[in-house]
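Trainee: I am new to this structure and would be grateful for a guided introduction. May we begin with how the chains meet?

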Amino acid sequence: MKVTDNVRKLIFIFISILAFQAAEAQLEIEIISGNPSALPIAIVPFQWLEAGPGPSTSVDEIVSGDLYRSGLFKPMAVEDMAEKPVEEEGIRFGTWRLLKVDYIVIGKVRSPTDGQGHELVYQLFDVHTQELLLSRVTTVGPGDLRFGAHRVADAIYEKLTGVPGAFSTRIAYITATGLGNNQRYELVVADADGFGPQSIVGSPEPLLSPAWSPDGRKLAYVSFEQGNSAIYMQDVSTGARELISSGKGINGAPSFSPDGKRMALTLSRSGNPEINIRDMATGRTQQITQHWSIDTEPVWSPDGRHVYFTSDRGGRPQIYRVGPSGGTPERVTLEGDYNARASVSPDGRKIAVAQGRGNEYRIAVWDIETERFTVLTPGKLDESPSFAPNGSMILYATREGSRGVLSAVSADGNVRQRLILSEGDVREPAWSPVIR
Amino acid sequence: MKSVWKYTLALVIAITMAACQTTQEAEPEPEPEPPPTTGVDTSGAPDPHDYTDSRNFDNPESLLSKRVIYFDFDKSTVRPEYRGIVSAHAAYAASHSTARVTLEGHADERGTREYNLGLGERRGNAVSGLMSAQGTRGSQLSVVSYGEERPTCRVSDDECWSLNRRVEVVYTAR
């Protein structure tokens, strides 16, 4: 017992040391297949009116980068801009029409009157009609300039596509580095563009299955730090955490209900993995599936009426769904040998899965109404799909050579991009809800 | 004591990994059955078939020294060639009531992580069930699934996958 206690203490110390250290490795993003019908837009450099030098990456660069990565926009390079107006009066629409730009954004960054933080003042125009489409002031706190830029991109994206942007959200993922006894796992949170990765938990034992709370403040995850799987819930900004489940057998696959009051999870205390629902206020847990097969990977429908899960009760893994108080599960995916780990689209109409065929696994989207699959990615070992909170893209894990990388694919499969970690294995991305 | 076995296990894993990187064999084969005893007096050396003798844990001639059981893809049935190893450990545990065994179940990287946790547990349960049927008490056995999280090698090919689909028999007390 003494040895075990010491080991636990050591692990605890190790976790304490690792927590809150910024991960050294940066995510690097590159578009691997583009969209020929992307909208041409010019994000003119924002004028910097604050005291002191501007940031190393300017607001307009961040906005351009966001819009570019969405695959729906083709931002003009700054060096191709014949003029760089700051005020509406300075825009010569004829020039921009000649440059074949459809939309133009101008703006500036200034200190608010109280001097705290940043004010991003910007306007969006239709070059052809010369119409002012959007005129806004976005105010953010000190240190949140990048967040402010993502908010600008969100607003432009929403104005021009009709869908809210998801650039000011975050992503969580697991990294694994080293082999054997030097193995180290971290749960990392970064901006949706991969910037500013921060390790929020580190451990020599496996970490997996990160899941966001609906308010974007907490992450639930599975950790083996005590020698078996256990579910923890951690406040992303304070680091305070709570042990949710560490019973005999598997404690896995946490998923918050849309209202955050319940959590679906996999427990095998009955002898094999079953879906359970935990009331977060009382801690009471109810088992809602009852089958000798593997039932796991529960995830809620956005209206909270269904829990989708993976089960091999029919022989091979397929997606089923059941009400959150139990009942007879209904099979959802009707094609393919292996469909697992569902992510439900924000409108509840589609589910993205890891689809296996032989040794190849791809991300596929099942349309619940038309009962058809669309395969979105080329494989070979693509898994862990996670819908963006606006449904526009799906983040997933894939492999390149022997290392894992993250990629994102547009929901229609037309645009793919790669987010590479410079070191080790990166896996199990989870896209945060919209943080208001 | 526990840390000693941890190191032993680490060594076993390290050796398995080295084998994974160097050999060309498609499938890890269990050692062939040792030849039957001839009645010759070996004066004190452990009888490799005496699975109640703890010296056989370090005797490469004895099945008790083998502590990894391999599985087919997406299967949790103990293959016939590994039943001898399971029986040897069942016999040892049955005859040593203080022995405690953790069966660590593992899967290869194919398929999703949480499903593979289930699969690793199923494999651990299969070995646990066989050992129970052969006299090991339930209180002596525990199953922990690591799914695909603790591979012994990290190459995406059949050879490496077959080494990762396994149950490791770990004694926490002998």
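Trainee: How many residues does each chain give to the contact?

Mentor: The model is predicted, with local features needing pLDDT of at least 70, side-chain atom pairs counting only at pLDDT 80 or more, and totals for chains, interfaces and linings using all residues. Residues are numbered from 1 along each chain as its sequence is written, and chains are lettered from A and ligands numbered from 1 in the order in which they are written. Residues are in contact if their C-beta atoms, placed from the backbone, lie within 7 Å. The contact takes 25 residues from chain B and, from chain A, 33 residues.

Trainee: Which strand gives the most to the side of chain A that touches chain B?

Mentor: Strands are DSSP runs of E, at least two residues long, and helices are runs of H or I, at least four, numbered from the N terminus. Elements giving two or more residues include strand 11 (207-212) and strand 23 (338-344) of chain A. With 3 residues, the most is given by strand 23 of chain A.

Trainee: Which are the edge strands of the open sheet with the order 10-9-8-31 in chain A?

Mentor: This sheet has 4 strands with antiparallel pairing, where two strands pair if DSSP finds at least two bridges between them. Strand 8 (residues 170-177) of chain A is joined to strand 31 of chain A by 5 bridges. Each edge strand pairs on one side only; they are strand 10 (198-203) and strand 31 (425-431) of chain A.

Trainee: Which residue stands opposite I171(A)?

Mentor: The partner lies in strand 31 of chain A. That residue is W431(A).

Notes
Two residues are in contact if their C-beta atoms, placed from the backbone, lie within 7 Å.
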